[in-house]
Amino acid sequence: MISLLVSFAVLVIAYHTFGNVVERVFGPDSRVTPANRLNDGVDYVPMKPWRAFLVELLNIAGTGPIFGALMGACFGPVVFLWIVLGGVLAGGVHDFMVGMVSERNDGKSIAELSGIYLGNPVKWIMRIFSVLLLLLTGTVFVTSPASLLAQLTPSVFNQTFWIVVILVYYVLATLLPIDKVIGRLYPLFGAVLMIMALGIAGGTFFGGYTLPEITLSDLHPQGLPVWPFMFVTVACGAISGFHATQAPMVSKCITSEKSGKRIFYGAMLKESAIALVWASAGVAFYGATGGLFNALSTLGQSGTVYDISTGMLGTVGGILAIIGVVACPITSGDTAFRSARLIIAEMTHLDQKPIKNRLIVTLPLLAAAAVLTQLDFNVLWRYFSWSNQTLAMITLWVVTAYLLKNNQNKWDSLISAVPAVLMSAVSTTYILIADEGFQLSQSIAYPLGLLFALICFGVYLHTALRGTVRKL
């Protein structure tokens with residue numbers, strides 16, 4: 001239990017210390033932001049900082065810090081280290097930098113930023129990759145809340161019924177101006193999210209459960225290695241490329257660069273706290289990683305969440321907690337499709353002010369998602385997780401290129417280059433070793449992943465020493 005308390009304390013301290021370092025490296029100033037300069041009443045809409053923070057938090061806090069944290073907890077308490085250090089040193093840097101670099105470039109998407117700082121070939125790769133990831137994300141964030149809602153309601157309201165209801169909501173949230181649906185509903189969803197997190201944390205602390213202290217031992221019942229599987233499984237709780245598709249949407253709404261740390265870095269650390277809550281709850285409730293793994297295998301992710309929530313908090317408290325869990329994916333799924341619409345609009349130069357043009361892009365996206373909901377959730381999650389971390393890797397290299405180009409002290413860029421090297425190793429090693437990848441042995445995959453990361457770091461050092469950014 002002490003490890004968990006220390007983990008929460010580290011997140012708070014890091015926000016006020018390392019967060020200040022990250023902010024200094026970027027250097028926010030008092031320039032007029034795109035929200036005011038390009039206000040179109042649809043996507044570029046000025047928001048108060050507290051509302052922008054809630055939108056960012058709910059955008060990024062999907063099922064990742066809940067389902068991902070529970071699956072990551074199967075490796076044992078070592079997951080706490082990755083959630084905390086990953087959130088502070090990698091995820092927070094990733095989210096803050098991409099949000100602020102986007103704001104400096106009129107709210108452009110990560111795909112367009114890739115073109116600006118890494119060249120046109122990367123831009124087109126990222127355009128396709130981003131849309132596919134967002135489609136996967138939106139689909140994952142349809143099926144998981146629909147499954148939970150089906151458990152809470154009479155049998156006539158089955159999972160298919162809730163999938164249709166959620167998709168209809170997604171159409172509205174994707175089409176309408178950001179302040180009409182998302183901006184108004186998110187404060188309510190934010191309150192539910194906080195109640196959920198506090199309820200589960202309270203159940204863990206005061207429910208008489210035993211929580212093991214941090215150990216570096218690999219406790220996964222199937223013997224999956226911590227490296228790289230845990231680093232991909234936890235995803236959104238520590239670092240997530242999906243966030244790179246969400247931050248540019250919020251960058252169109254911030255009214256001052258100086259609120260960026262609170263909105264982007266702060267939201268990431270808040271999500272890490274949510275992941276800590278669920279990782280600890282999973283291990284504490286089932287008593288061991290084996291019990292948690294068996295629950296995930298037999299009940300599924302949604303069933304495990306239901307089991308923990310009602311078991312810790314009773315029927316009423318459990319239902320309140322589950323509503324919070326439902327709010328998380330729904331408020332990420334709607335903005336996943338919204339982000340996909342904006343990226344496609346950038347590609348096609350289709351003006352998004354007329355609602356007809358928004359419909360042209362939105363309806364095919366939702367139709368594709370409806371088809372994908374018929375696939376196995378676990379398969380979708382594995383591909384989502386790897387794509388997610390690969391996008392995070394590319395995003396960190398994009399912001400590194402930005403810092404090399406714009407900062408007088410080129411070595412400031414190490415703040416993003418170091419986590420970029422780490423994620424380069426993670427993403428490469430995972431796809432080489434995983435069942436859904438090349439299924440190579442550890443003896444081959446580990447050296448190849450390390451080699452790729454070292455090559456990336458070598459290119460970075462060469463570029464930094466030359467003092468210019470080489471376009472790929």
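Here a colleague asks a modeller about the reasoning behind some labels used for this predicted model.

Colleague: Glad you have a minute! What confidence does the chain have on average, and where is confidence lowest and highest?

Modeller: The average pLDDT of the chain is 88, and 97% of the residues score at least 70. Confidence is lowest in helix 10 (residues 182-206), with a mean of 82, and highest in helix 2 (residues 18-26), at 97.

Colleague: Let's turn to helix pairs. Why is helix 6 called roughly antiparallel to helix 13?

Modeller: The axes of helix 6 (residues 78-104) and helix 13 (residues 260-286) cross at roughly 155 degrees, coming within 8 Å. Angles over 145 degrees count as roughly antiparallel, so helix 6 is roughly antiparallel to helix 13. Their crossing is right-handed.

Colleague: And what kinds of residues make up that contact of helix 6 with helix 13?

Modeller: In the contact of helix 6 with helix 13 there are 15 nonpolar residues, seven polar and two charged.

Colleague: Why are helix 9 and helix 14 called oblique to each other?

Modeller: Helix 9 (residues 159-175) and helix 14 (residues 289-348) have axes that cross at roughly 50 degrees and come within 9 Å. Under 35 degrees would be roughly parallel, and 65 to 115 roughly perpendicular; the angle of roughly 50 degrees fits neither range, and helix 9 and helix 14 are therefore oblique. This crossing, of helix 9 and helix 14, is right-handed.

Colleague: Which residues make the contact there?

Modeller: Helix 9 contributes Ile166, Tyr169, Tyr170, Ala173 and Thr174. From helix 14 come Pro329, Ile330, Gly333, Asp334, Phe337, Arg338 and Arg341. By kind, the contact of helix 9 with helix 14 has seven nonpolar, two polar and three charged residues.

Colleague: What makes helix 5 mostly covered?

Modeller: Nine of the nine residues of helix 5 (residues 64-72) are buried. Gly64, Phe67 and Met71 are among them.

Colleague: How do you know that Leu136 counts as buried?

Modeller: Buried means under 20% relative accessible area. Leu136 has 17% relative accessibility, so it counts as buried. Leu136 lies in helix 8 (residues 120-152), and its C-alpha atom is 8.2 Å from that of Tyr383, 247 residues apart along the chain.

Colleague: Why is Thr429 called buried, and what does Thr429 touch?

Modeller: Its relative accessible area is 1%, and the cut-off for buried is under 20%, so Thr429 is buried. Thr429 sits in helix 17 (residues 414-433). Leaving aside residues up to four places away in sequence, Thr429 touches Trp227, Pro228, Ala445, Tyr446 and Gly449.

Colleague: What makes the peptide bond from Trp227 to Pro228 cis?

Modeller: Omega is near 0 degrees for that bond from Trp227 to Pro228. Most peptide bonds are trans. Pro228 belongs to helix 11 (residues 226-233).

Colleague: Last one! Why does His349 count as exposed, and why does Gln439?

Modeller: Exposed means over 50% relative accessible area. At 71%, His349 counts as exposed, and at 53%, Gln439 counts as exposed too. His349 is in the loop between helix 14 and helix 15 (355-372), while Gln439 is in the loop between helix 17 and helix 18 (442-466).

Colleague: And what is the phi of each?

Modeller: His349 has a positive phi of about 55 degrees and is not a glycine. Gln439 is not a glycine either, and has a positive phi of about 55 degrees. Most residues other than glycine have a negative phi.

Methods. Residues are numbered from 1 along each chain as its sequence is written. This is a predicted model: local features need pLDDT of at least 70, side-chain atom pairs count only at pLDDT 80 or more; totals for chains, interfaces and linings use all residues. Side-chain values use heavy atoms; hydrogens and water are left out. Axes are lines fitted to C-alpha atoms, for helices over the stretch in contact, and angles run from 0 to 180 degrees between N-to-C directions. Helices (H or I, at least four residues) and strands (E, at least two) are DSSP runs, numbered from the N terminus. A crossing is left-handed if the near helix is turned anticlockwise from the far one by less than a right angle, and right-handed if clockwise. Ala, Val, Leu, Ile, Met, Phe, Trp, Tyr, Cys and Pro count as nonpolar, Asp, Glu, Lys and Arg as charged, and the others, Gly among them, as polar. Contact means heavy atoms within 4.5 Å. Buried means under 20% relative accessible area, exposed over 50%, partly exposed in between (1.4 Å probe, protein chains only). pLDDT is the predictor's confidence in each residue, from 0 to 100.
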